[in-house]
Amino acid sequence: MPDPTPISRAWVSAPNPRLYSHRNLQRYRRLVVDKSHRLAWKLDNTELLDLYLRHARERHLEVGPADLHFLSLTPAPTLAHLWHVDVLDINPAPLDTARELLTGRAQVDTHEHDILAAPWPIAAQSVDSLACGNVLHCLPGKGFAAKKAVFDEMARVLTDDGTAWGYTLLGAQDPAISPNLLARYLMHRYNRADNIFHNTGDRLTDLSRELDARFAEVRLWVMGCAAVWVARGPRR
């Protein structure tokens, strides 16, 4: 049930419906998951899917779903009428895609909302699992401290025994990663383009600090060019 708190429409991010169009979402798996993950970012898709297989629960929130690739491959943790999935994105096409893919598998609520704008239209302590993949490096702000509203809201909406996980590309200059030439080229190009990447200041140590401040149990590691995390025990 939506939180009764009035929702602010003073968005901090800006939608990019041209990039996240229905047409581009049909190519997302081939271009991003199959190619960019493997060739540039050096991400293990099997390991990323395993996060969903291990942690997806009956009340799930997907933040920034893109084409919903990993969740669409995840078996429902319960019967369709009991599996409740909230999907949050600033662009309408990913929300349409989520409704199409999950119809008949879950009860779906979609929310067109900027994840940097608090509060999210999700009730406090209402979701048992929360995924946020390939999202934070797209949000404006120099470093993770500028994106702290996302971490605040993750902790607010997650139940005490829930699990949040995600992954995000770190800035090319972060000493925690060793991007190859293709990765450096793409990061440079995407950060210079209008409203695609904003991760030049994103550092692993800062992400660790933001997560530790809001969750009692955090597992954080580097995979290729990305930081991957699993967090539990939201601090109230």
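## Charge, empty space and backbone in a predicted model

In this predicted model, the count of salt bridges comes to 10. Side chains of opposite charge can pair when their charged atoms come close. One of these pairs is formed by Asp50 and Arg54, whose closest N and O atoms are 2.5 Å apart. Both residues belong to helix H3, and because they are four residues apart there, about one helical turn separates Asp50 from Arg54.

Charge also gathers on the surface, where Arg23, Arg27, Arg30, Lys35, Arg38 and Lys42 make up a patch of positive charge. Helix H2, which spans residues 28–41, supplies the largest share of this patch with three residues, and Arg38 has its place in that helix. Lys42, another member of the patch, is found in the loop between H2 and helix H3 (45–55).

Helix H2 returns when the empty space in the model is considered, since H2 gives the most to the lining of the largest pocket and also the largest share of the lining of the largest cavity. Rolling a probe the size of a water molecule over the atoms shows where empty space is left. A search of the whole structure finds one cavity of 30 Å³ or more. The table sets the largest pocket beside the largest cavity.

| Space | Volume | Lining residues | Given by H2 |
|---|---|---|---|
| Largest pocket | about 890 Å³ | 38 residues | five residues |
| Largest cavity | about 120 Å³ | 16 residues | three residues |

The largest pocket holds about 890 Å³ of space, and the lining residues closest to its centre are Leu19, Tyr20, Tyr28, Cys138 and Ile196. Two or more residues of this pocket lining come from each of helix H1 (22–26), H2, strand E2 (84–89) and helix H7 (181–192).

For the largest cavity, with its volume of about 120 Å³, the lining residues closest to the centre are Pro65, Ala66, Phe70, Gly133 and Tyr167. The elements that contribute two or more residues to the lining of this cavity are H2, strand E1 (59–63) and helix H4 (69–72).

Two details of the backbone complete the report. Most residues other than glycine have a negative phi, and most peptide bonds are trans. Lys42, already met in the positive patch, has a phi near 60°, a positive value in a residue that is not glycine. The peptide bond that joins Ala118 and Pro119 is cis, with omega at about 0°, and Pro119 lies in the loop between strand E3 (107–112) and strand E4 (127–133).

Technical notes:
Residues are numbered from 1 along each chain as its sequence is written. This is a predicted model: local features need pLDDT of at least 70, side-chain atom pairs count only at pLDDT 80 or more; totals for chains, interfaces and linings use all residues. Side-chain values use heavy atoms; hydrogens and water are left out. Patches are made of residues with over 30% relative accessible area and no salt bridge: like charges are joined within 9 Å, nonpolar side chains (Val, Leu, Ile, Met, Phe, Trp, Tyr) within 5 Å. Accessible areas come from the Shrake-Rupley method with a 1.4 Å probe; for residues, only the protein chains shown count as cover. A salt bridge is a side-chain nitrogen of Lys or Arg within 4 Å of a carboxyl oxygen of Asp or Glu. Lys and Arg count as positive and Asp and Glu as negative; His and the chain ends are not counted. The place of a charge is taken as NZ of Lys, CZ of Arg, CG of Asp or CD of Glu. On a 1 Å grid over the protein atoms alone, a cavity is a set of points where a 1.4 Å probe fits but cannot get out, and a pocket is an open set with protein on both sides within 12 Å along at least five of seven lines; lining residues have an atom within 4 Å of a point. Grid points are joined across faces, edges and corners, and a volume is the space filled by probe spheres set on the points.
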